[in-house]
Amino acid sequence: VGGLPGVEVLGAAPPPSLAVAAASTAGPGRGAGAPATPRRRRSRFAPDPGREGGTGGGDPAAGGGGAATAAAVATTPAALSPAAALQAERDSLPIAAYKAELLAAVATYPVLIVEGETGSGKTTQLPQYLLDGGYRCVACTQPRRVAAMSVAARVATERGVRLGSTVGYSIRFEDCTSEETVIKYLTDGMLLREFLSVPDLAAYDVLMVDEAHERSLSTDVVMGLVKDIVRFRGDSLRVIIASATLNAAAFCDYFDGAPLFSIPGRRFPVDILYTRAPEANYLDAAAVTVLQVHASQPAGDILVFLAGQDEIEDLEAALRERTAGVGGALGELIIAPIYASLPSEQQAAIFTPTPPGARKVVLATNIAETSVTIPGVVYVIDPGFAKQKAYNPATGMESLLVVPISRAAAVQRAGRAGRTAAGKCFRLYTKWSFTHEMEAQPVPELLRSNLAQVVLLLLSLGIDNLLAFDFLDAPPPATLLRSLELLYALGALSPAGKLTKRGRLMAELPLEPLMAAAVVASEAYGCSEEVITVCAMLSVSGAVWYRPKAKALAADAARAAFSRATAAAGAGRGDHLALLACYNSWRDSGFATQWCYEHFVQVRSMRRARDVREQLDALLDRVGVARATLADAPDGGADQAPVLKALTAGYFSHACQLTKAGLYRTVKGGTSVHIHPSSALYRTERLPRYVLYHELVLTSKEYMRSVSEIDPAWLREVAPHYYTEVDVDVVGASAKMPRALGRRA
Ligand code: CDP
Ligand code: MG
């Protein structure tokens, strides 16, 4: 077993039978016959002379077990009762052989690092083993909401209990746990919030920080805090850091030489094929490759990795178009999307077994890389891109952009093809690009994020010296400084850098600091009801408007009516108030489904917004923000400017000014930004002189998504420390503002 210097390695020696199986099935050579490479159309792909088979960790023995898996699968015939089949499946997982050893290790070491191939059973089995081992309550963190929900559902099924009883999950705005919950899957962000109410996490006997290799922002912070509480919880807390087979040694070092428990993986060899030349349009290339695989390859499902929901929807449409009417000899192509914001009912489709003769193609974001295991995948199509958050401390701007993935991620993606049989991975990039252009490892999120929320949380936990906080990778000091400045401008910090009362309130709200500040400010403007509605609608804003191609005109007209309604009421034009008008109008219909159909609004998003709104409404009470609505104002709510003003009190750093050339630039910093085509203000006749955006998306340009007109005078008023007279050309601007907008200033 490849030794890790200075790291105690436990349980890593596979049983001899596994090692033998490894030698015969998964060596680096060309395995048995390598059937059916795509011979007819070889032009696109050049197969790599090597195979990525076996282990992820450079240990030839650990990667074996292909034969063992095949045997295990063969002993789970359909004839077994569902419960017995499920149990057999559990027993056949790679982790099952190590249950006793794992429990012994957990009992011995306060912090244990567990690494194992994706699908080996860490997430679903370990918490159950711990219960069997006598621990009473286990929390397991996940970087993604979808993973927390789907894994909890799976474990509830395995234990034959109702989801939300002994097994549950907790994600933002959705708590599916109860008094009796003993296995709780929760997002890393939710666990961070729990530190605020119970700083030593007294409710849990074991905390499992899962998917640690992902290095999500919240996971990194959780690990820093956990390191601290392990000391004073003593024997009453056990910590497990679980990771895919990537860089686990770094966690051992970080936790002062905690031992590494390596679960030998099982993986079938995967043939890697690269394109011969770079692809100009990877979505198009992906569509063609899906169809080629479907037409020419033996049975087996396809998994395509895409950068986001928009790409998934585009590819889905392209595939439906191209397969329409193609039937007969070619089996059915079942298209199943999976991404973080997909409603859970629809996620079930990816786990549904493919009927004989058909082929499933799963269109996934990198959620399917390590956190969700999809059975039956034999072919992986990897365009090599993912959507990532990027942060520029110089401008203070955070945006989402599509970037090339790392080599480590590419290896993970390919590995998804070899879970149940030998597979193939079609990389839609060249081998040269893989070796020369891709980074070896992904950059941890902490190093490319705006840290205002983290800083606010740490300060509320009493951690004042941020520079001394023991991060796995220390954030750039410039980023920390920026965050402090922003929190100060938001009124969350005093000039001395201490948390203010407002800052405490903001930390209590499970919202990003800018939104939290807007909610807190809404009290003073008498519109907290409206602001939480806007906040709830923004959380689903990517999926509110429904625009079927055949009825595009009617859909556009329906949407424009919401903007007109707000304009008529005399407030700023744009997306925020249109979202508010849409929600209120739905509410007035009695939350009718029919209303949604008639107004081309997605009913599922609206229901989700209502759920989120209910949660926020309850939070207002908890943090003591007075509930108030503009409907109680003397004008009956005709003037909606206060809503935008409250939003400006949070989002003032997102203010942009129209230039003479008809373009926008940020008031502070002067970066060029553009109105996103999805905005109501896109292609508007008379562009507002000043706007406020909710978020930025970077594609070919920096796009502002969800944009509204504001009065620049508000900027000086709500953020005098942030904006000077020079920044905001108030006199010139106000003269041109619609009167109603400036009125309540
Ligand atoms: O965490 P790790 O990647 O090691 O494995 P896991 O997520 O615990 O998955 C173990 C097994 O449970 C896999 O074979 C999955 O196919 C199965 N599973 C499932 O069927 N449905 C889920 N929602 C999650 C896992
Ligand atoms: Mg897992």
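Good morning. Let me begin with a single residue: Gly257 is exposed, because 12 other C-beta atoms lie within 10 Å. In these terms a residue is exposed if 12 or fewer other C-beta atoms lie within 10 Å of its own, buried if 20 or more do, and partly exposed in between, with C-beta atoms placed from the backbone. Gly257 is found in the loop between helix H9 (248-254) and strand E10 (260-263). Helices (H or I, at least four residues) and strands (E, at least two) are DSSP runs, numbered from the N terminus. The C-alpha atoms of Gly257 and Ile113 are separated by 9.8 Å, although their positions lie 144 residues apart along the chain.

I should state at once that this is a predicted model, in which local features need pLDDT of at least 70, side-chain atom pairs count only at pLDDT 80 or more, and totals for chains, interfaces and linings use all residues. Residues are numbered from 1 along each chain as its sequence is written, while chains are lettered from A and ligands numbered from 1 in the order in which they are written.

How confident is the predictor? The pLDDT, which is its confidence in each residue from 0 to 100, averages 84 for the protein, and 86% of the residues score at least 70. Over residues 54-77 the pLDDT is below 50, and this stretch has 64 contacts in the model beyond near neighbours in sequence. Two residues are in contact if their C-beta atoms, placed from the backbone, lie within 7 Å. Where pLDDT is low, the predicted coordinates should not be read in detail. For the complex, the predictor gives an ipTM of 0.99 and a pTM of 0.82.

Let us turn to the overall architecture. The protein has 28 helices and 23 strands. Of its 745 residues, 48% are buried. Among contacts with a separation of 6 or more, 74% are between residues 24 or more positions apart.

What does the largest nonpolar core contain? It has 200 residues, and those with the most contacts inside it are Ile113, Val304, Ala518 and Val519. H6 gives the most to this core, with 9 residues. A nonpolar core is a set of buried Ala, Val, Leu, Ile, Met, Phe, Trp, Tyr and Cys residues joined through C-beta atoms within 7 Å. In soluble globular proteins, nonpolar side chains tend to be buried together. Not counting residues up to four places away in sequence, Val304 touches Ala286, Val290, Leu315, Val361, Leu363, Ala364 and Ile381.

A second valine deserves attention. Val167 lies in strand E5 (residues 167-171), and Val167 is buried because 29 other C-beta atoms lie within 10 Å. Beyond four places in sequence, the residues that Val167 touches include Ala152, Val155, Ala156 and Arg159. From C-alpha to C-alpha, Val167 and Thr157 are 9.4 Å apart, with their positions 10 residues apart in sequence.

Which residues come nearest to ligand 1? They are Lys122, Thr123, Thr124, Arg154 and Thr373, out of 16 residues around the ligand. The elements giving two or more residues to this shell are helix H5 (122-132) and helix H6 (145-159), and H5 supplies the largest share, 4 residues. A residue counts as near a molecule if its C-beta atom, placed from the backbone, lies within 6 Å of it. By class, the shell has 4 nonpolar, 10 polar and 2 charged residues. Here Ala, Val, Leu, Ile, Met, Phe, Trp, Tyr, Cys and Pro count as nonpolar, Asp, Glu, Lys and Arg as charged, and the others, Gly among them, as polar.

Next, consider one helix. Helix H22 (residues 575-588) has 14 residues and reaches 20 Å from its first C-alpha to its last, close to the 20 Å expected at 1.5 Å a residue. The expected span is 1.5 Å times one less than the number of residues. H22 is mostly covered, with 10 of its 14 residues buried, including Leu577, Cys582 and Trp586. Just after H22, Gly590 takes a positive phi of about 80 degrees.

Finally, two residues other than glycine also have a positive phi. Arg215, at about 55 degrees, sits in the loop between strand E8 (206-209) and helix H8 (217-233); Arg215 counts as buried because there are 23 C-beta neighbours inside 10 Å. Ser706, near 65 degrees, belongs to strand E23 (residues 702-709), and Ser706 is buried, with 25 other C-beta atoms within 10 Å. Thank you for your attention.

Notes
pLDDT = per-residue confidence, 0-100.
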